[in-house]
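Welcome! Take a moment to look over the sequence and the 3D view, and then read on for a short tour of the places worth visiting.

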Amino acid sequence: MSDLPVTLTKVSYVVGETSILRDVDLVVRTGAPTFVVGPNGSGKSTLLRLVMGLITPTAGAIEWAGARDPAPRRRAMVFQHPVMLRRSVAGNLLYALEQAGVEKSLRDRRCSELLQKVGLSDLADRPARRLSGGERQKLAFARALARSPELLILDEPTASLDPSATLALERLIAQAAAEGIKILMASHDLGQMRRLAGDVVFLHRGRILESASAKDFFEQPVSAQASAFLRSDLILED
Amino acid sequence: MNEGSSALVLVLSGDPALYAIVRLSLVVSLSAVGLAALVGLPLGGLIALTRFPGRAGVIVLLNAFMGLPPVVVGLAVFLLLSRSGPLGSWGLLFTPTAMVIAQAVLITPIIAALTRQTVEDDWSEVRDELNAMGVGPLQRLMTLLYDARIALVTVLLAGFGRAAAEVGAVMIVGGNINGFTRVMTTAIALETSKGDLPLAMGLGLILIAIVFAINASAWALRLYAERRIG
Ligand SMILES: Nc1ncnc2c1ncn2[C@@H]1O[C@H](COP(=O)(O)OP(=O)(O)OP(=O)(O)O)[C@@H](O)[C@H]1O
Ligand SMILES: [Mg+2]
């Protein structure tokens with residue numbers, strides 16, 4: 001069972017009168033991390049949710065390994081604002097492991113491994129809803145890893161982390177990528193993009209203006225909007 | 001306040017007849033809550049998590065049923081269980097079982113409606129997370145009921161409060177038979193009309209004490225849970 005490649009063909013997402021994404025063509029395949037960048041409201045989270053299969057395109061089609069069935073098999077997602085169940089930190093991880101079909105006898109060990117990995121071992125018995133924003137982000141990352149994903153979708157996973165926690169999570173992301181997990185992530189952090197990205201999808205007002213290797217995107221952005229984004233992270237209205 | 005002090009004496013002396021009445025009240029109302037929870041919790045959860053034609057109407061109806069008058073419920077159950085009624089052959093009329101059924105009918109809509117609201121609010125919060133984990137429909141229901149457990153205990157207590165305090169339904173289907181189907185509320189009504197105010201007041205005191213204790217424990221549970229579960 002596989003989820004890759006994910007193929008988006010002429011995908012649009014319209015709510016009422018507003019079109020949030022328009023004519024998006026994208027293939028997510030095994031390889032170095034793909035970054036989805038663009039200004040606030042450009043449609044990054046919406047694109048990630050479509051790839052995760054949480055929302056259905058209003059036009060166009062998405063296929064996971066050639067199938068239209070959106071049930072997640074080997075993919076996981078860390079949301080921009082992760083929500084935990086009303087259980088302990090370990091309880092949330094055990095739940096994810098159970099849902100991922102991990103055998104009961106293996107769950108406890110896997111749970112402590114994951115906690116160790118993200119540095120939450122000391123908080124295992126804490127109520128998960130009481131975690132700080134950064135701690136919650138780490139738990140969400142561990143919970144996503146619990147699914148042993150092939151595709152890991154991250155929506156600004158370091159947005160609420162302090163510099164050292166950001167670095168630690170970047171290391172985990174790099175490690176996951178090195179282990180062969182495909183990373184698809186939204187980020188506003190240009191430094192982070194330079195450190196991690198293999199290629200970049202640049203979104204502007206719901207359209208993909210650029211889709212290039214990270215090197216090309218940084219050195220010779222094609223669109224004026226992308227140049228402006230790289231210069232200042234600020235795009236003036238056209 | 002001669003009557004007040006003799007009421008207190010009755011309560012403190014552990015008058016066996018009085019405590020039999022209190023015990024029956026608790027047994028009947030707790031059984032009714034159990035029965036209503038068995039139906040109301042899954043029903044409320046199911047309505048919260050599914051979309052079907054006429055769903056809005058069902059929710060409005062459920063909310064309206066929260067305010068069912070106990071005497072009307074009593075009458076309906078009476079007709080159902082009376083000798084010529086559809087379930088008359090069960091011979092349940094004027095038994096504690098009939099009282100449990102009537103109170104359960106009375107509070108099932110309360111439990112279902114409040115559960116529906118609670119689960120639906122939680123669902124909108126965790127929908128994406130659960131879908132991203134591929135949680136199936138049945139598992140989703142179990143997960144959300146468990147996740148809302150603290151709020152749902154409060155819901156059950158609200159149901160218990162309503163059941164323990166009502167008089168109309170148990171009076172009609174139980175018949176207020178001394179030593180058999182007499183509970184606190186029906187005894188209070190009877191003794192007051194007979195003029196035995198000490199017994200009525202003693203029972204009233206106990207009823208209030210029970211309601212108070214239930215609310216206090218609900219409050220304590222909330223505080224504890226907020227610290228432990230978040
Ligand atoms: N269900 C919806 N109904 C209406 N508008 C929506 C809906 N979902 C998203 N939008 C709008 O679509 C646009 C894109 O939203 P999205 O969350 O994808 O942006 P984003 O690129 O992730 O932004 P940010 O950088 O702030 O996270 C926004 O203007 C948002 O308000
Ligand atoms: Mg976003």
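## A buried helix side

A residue counts as buried when its relative accessible area is under 20%. With that in mind, turn to helix H6 of chain B, residues 137–147, in this predicted model. Its buried residues are B:Arg140, B:Leu141, B:Thr143, B:Leu144, B:Leu145 and B:Asp147.

What do the buried residues of H6(B) pack against? Their partners come from both chains: helix H2 (89–99) of chain A on one hand, and H2, helix H5 (96–132) and helix H7 (149–165) of chain B on the other. A general point about helices helps when looking along one: an α-helix has 3.6 residues a turn, so residues three or four places apart point the same way.

## The magnesium site

Next, find the magnesium ion, which is ligand 2. Which protein atoms act as its donors? They are OG of A:Ser45 and OE1 of A:Gln80, lying 2.0 to 2.4 Å from the ion. A:Ser45 sits in helix H1 of chain A, while A:Gln80 belongs to the loop between E5 and H2 of chain A, so this pair ties together parts that are 35 residues apart in sequence.

Are these two donors buried or partly exposed? A:Ser45 counts as partly exposed, at 22% relative accessibility. A:Gln80 is partly exposed too, with a relative accessible area of 30%.

## Two pockets

The largest pocket holds about 320 Å³ of space. Helix H1 (44–52) and strand E4 (59–64) of chain A are the elements that give two or more residues to its lining, and E4(A) gives the most, with four residues. In total, 21 residues line this pocket, and A:Gly53, A:Ile55, A:Thr56, A:Trp64 and A:Pro70 lie nearest its centre. Sorted by class, the lining has 12 nonpolar, six polar and three charged residues.

For the second largest pocket, move over to chain B, where about 220 Å³ of space is lined by residues including B:Ala17, B:Arg23, B:Asn178, B:Phe180 and B:Glu191. Helix H2 of chain B, residues 16–49, supplies the largest share of this lining, with six residues. The lining divides into seven nonpolar, two polar and three charged residues.

## Two cavities

How many cavities of 30 Å³ or more does a search of the whole structure find? The search finds two. The largest cavity has a volume of about 80 Å³. Strand E5 (75–78) and helix H4 (133–145) of chain A, together with H5 of chain B, are the elements that give two or more residues to its lining. Both chains appear in that lining: A:Met77, A:Phe79 and A:Arg143 are among the residues from chain A, and B:Glu129, B:Ala132 and B:Met133 come from chain B. By class, nine of the lining residues are nonpolar, none polar and three charged.

The second largest cavity has a volume of about 60 Å³. The elements that give two or more residues to its lining are H2, H7 and helix H9 (184–194) of chain B, with H2(B) giving the most, three residues. Among the lining residues are B:Ser25, B:Gln103, B:Glu166 and B:Thr185. Six of the lining residues are nonpolar, four polar and one charged.

## A buried serine

A:Ser223 is found in the loop between helix H7 (214–219) and helix H8 (224–232) of chain A. Is this serine buried or exposed? A:Ser223 has a relative accessible area of 12%, so it is buried. A polar atom of its side chain lies 3.1 Å from the backbone nitrogen of A:Ala226. Leaving aside neighbours within four places in sequence, A:Ser223 is in contact with A:Phe202, A:Leu209 and A:Glu210.

## Backbone details to look for

Near the start of chain A's numbering, a cis peptide bond joins A:Leu4 and A:Pro5, with omega of about -5°. A:Pro5 is in the segment before strand E1 (6–15) of chain A.

Two residues other than glycine have a positive phi: A:Ala65, near 50°, and A:Arg205, at about 50°. A:Ala65 lies in the loop between E4 and E5 of chain A and counts as partly exposed, at 39% relative accessibility. A:Arg205 is in the loop between strand E8 (199–204) and strand E9 (207–213) of chain A; its relative accessible area is 42%, so A:Arg205 is partly exposed.

Notes: Residues numbered from 1 in each chain as written. Chains lettered and ligands numbered in written order. Predicted model: local features only at pLDDT ≥ 70, side-chain atom pairs only at ≥ 80, totals over all residues. Heavy atoms only, no water. Buried < 20%, exposed > 50% of the residue type's maximum accessible area, 1.4 Å probe, protein only. Polar contact = N/O pair within 3.5 Å; in protein donor to acceptor, adjacent residues only side chain to side chain. Contact = heavy atoms within 4.5 Å. 1 Å grid on protein atoms, 1.4 Å probe; cavity = no way out; pocket = protein on both sides within 12 Å on 5 of 7 lines; lining within 4 Å. Points joined across faces, edges and corners; volume = space filled by probe spheres on them. Nonpolar A, V, L, I, M, F, W, Y, C, P; charged D, E, K, R; others polar. Donors = N, O, S within 2.8 Å, 3.2 Å for Na, K, Ca; no water.
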